[in-house]
Amino acid sequence: MTDHFDQLGYALVPAVLSAAECARLGELVQPAAAASGGTRCLLSQPWCAALAARLNADPALAACLDPGALAVQCTYFEKSADRNWLVPMHQDLSIPVAARVDAPALRGWSVKEGSVFVQAPPEVLRELVAVRVHLDPCGPDDGPLVVVPGSHRAGVIAPADLPAARAVTPAVACTAGIGGALVMRPLLLHASSKALGQSRRRVLHFVFGPRTLPHGLAWNVAAHAG
């Protein structure tokens, strides 16, 4: 799986969690507001940090995750008939940090849900790994994530170049059963469409990164996952 992950930038791992575990997690997570698609501030909660540690110790994920990495973010996404949304093709470039640092190499500063975010330096982006755990089955009609295999190897792609980069390789829809995980490089081009039916698609999206950051940056919240 390691070669597959390195080349394609993603891997689908079935049944990382049981249906009963997903049901319990579903009782713990709620969107930030009725009109919201989710929240990105879960990692500070003990149950979430414990789940991050479990994921990074899971043998089924070992080929994609560094056991010494830190869990640095967990975002909850919910897509349903009431909260139906789409995301255009993009890369995930921002990371949550403790405070703003004035350095020429840093850009793309923003504040989301009270946390400071910055576009991660290239050397950090190359090390990041996301693990998306599905609390519900996610089929073709449920607005699954669509990825462009291998696109992470191009590095940061300028917005004007996204259409050409997307056209290089056909996109793949990443469907999953309940408790299944999509492991991916955040630099991988990805998107999702609106769900077509009345189902609910809930995902816990973890980001794992290196212990230390350059330019005096520090993670906003970090949970040791080894």
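The sulfur of Cys174 sits 9.1 Å from the closest cysteine sulfur, the one in Cys138, and that's too far for a bond. This is a predicted model, and a search through the whole structure turns up zero disulfides. Beyond the cysteines, there's a pocket of about 590 Å³ to look at, the largest one, plus a helix, H2, whose buried residues line one face.

**Cysteines**
- A disulfide is a covalent bond between the sulfur atoms of two cysteines.
- To count here, the two sulfur atoms have to be within 2.5 Å, and Cys174 misses that, with 9.1 Å to the sulfur of Cys138.
- Cys174 is also buried, at a relative accessible area of 1%.
- Cys64 doesn't pair up either: the closest cysteine sulfur, in Cys174, is 13 Å from its own, again too far for a bond.
- With a relative accessibility of 7%, Cys64 counts as buried.

**The largest pocket**
- Its volume comes to about 590 Å³.
- The lining has 30 residues, and Arg40, Thr75, Phe77, His90 and Asp92 are the ones closest to the pocket centre.
- Strands S2 (38–39), S3 (70–79), S4 (87–90), S5 (94–97), S8 (129–134), S12 (190–192) and S13 (201–209) are the elements that each give two or more residues to that lining.
- S3 puts in the largest share, with four residues.
- Sorted by class, the lining of this pocket breaks down into 14 nonpolar, ten polar and six charged residues.

**Helix H2**
- H2 covers residues 19–28, and its buried residues are Glu21, Cys22, Leu25 and Gly26.
- Look down the axis of H2 and those buried residues fall within an arc of 140°, so they line one face of the helix.
- The general rule behind such patterns is that an α-helix has 3.6 residues a turn, so residues three or four places apart point the same way.
- Arg24 and Glu27 are on the other side of H2, and both are exposed.
- The cover over the buried residues of H2 includes helix H3 (46–57) along with S8 and S13.

**Trp47**
- You'll find Trp47 in helix H3.
- Is Trp47 buried or exposed? Its relative accessible area is 18%, so Trp47 is buried, given that the cut-off is under 20%.
- Leaving out residues up to four places away in sequence, Trp47 touches Leu25, Leu28, Val29, Leu42 and Leu204.
- Trp47 and Leu28 are 19 residues apart in sequence, while their C-alpha atoms are 8.7 Å apart in space.

Notes
Residues are numbered from 1 along each chain as its sequence is written. This is a predicted model: local features need pLDDT of at least 70, side-chain atom pairs count only at pLDDT 80 or more; totals for chains, interfaces and linings use all residues. Side-chain values use heavy atoms; hydrogens and water are left out. On a 1 Å grid over the protein atoms alone, a cavity is a set of points where a 1.4 Å probe fits but cannot get out, and a pocket is an open set with protein on both sides within 12 Å along at least five of seven lines; lining residues have an atom within 4 Å of a point. Grid points are joined across faces, edges and corners, and a volume is the space filled by probe spheres set on the points. Ala, Val, Leu, Ile, Met, Phe, Trp, Tyr, Cys and Pro count as nonpolar, Asp, Glu, Lys and Arg as charged, and the others, Gly among them, as polar. Buried means under 20% relative accessible area, exposed over 50%, partly exposed in between (1.4 Å probe, protein chains only). The arc is that of the directions from the helix axis to the C-beta atoms. Contact means heavy atoms within 4.5 Å.
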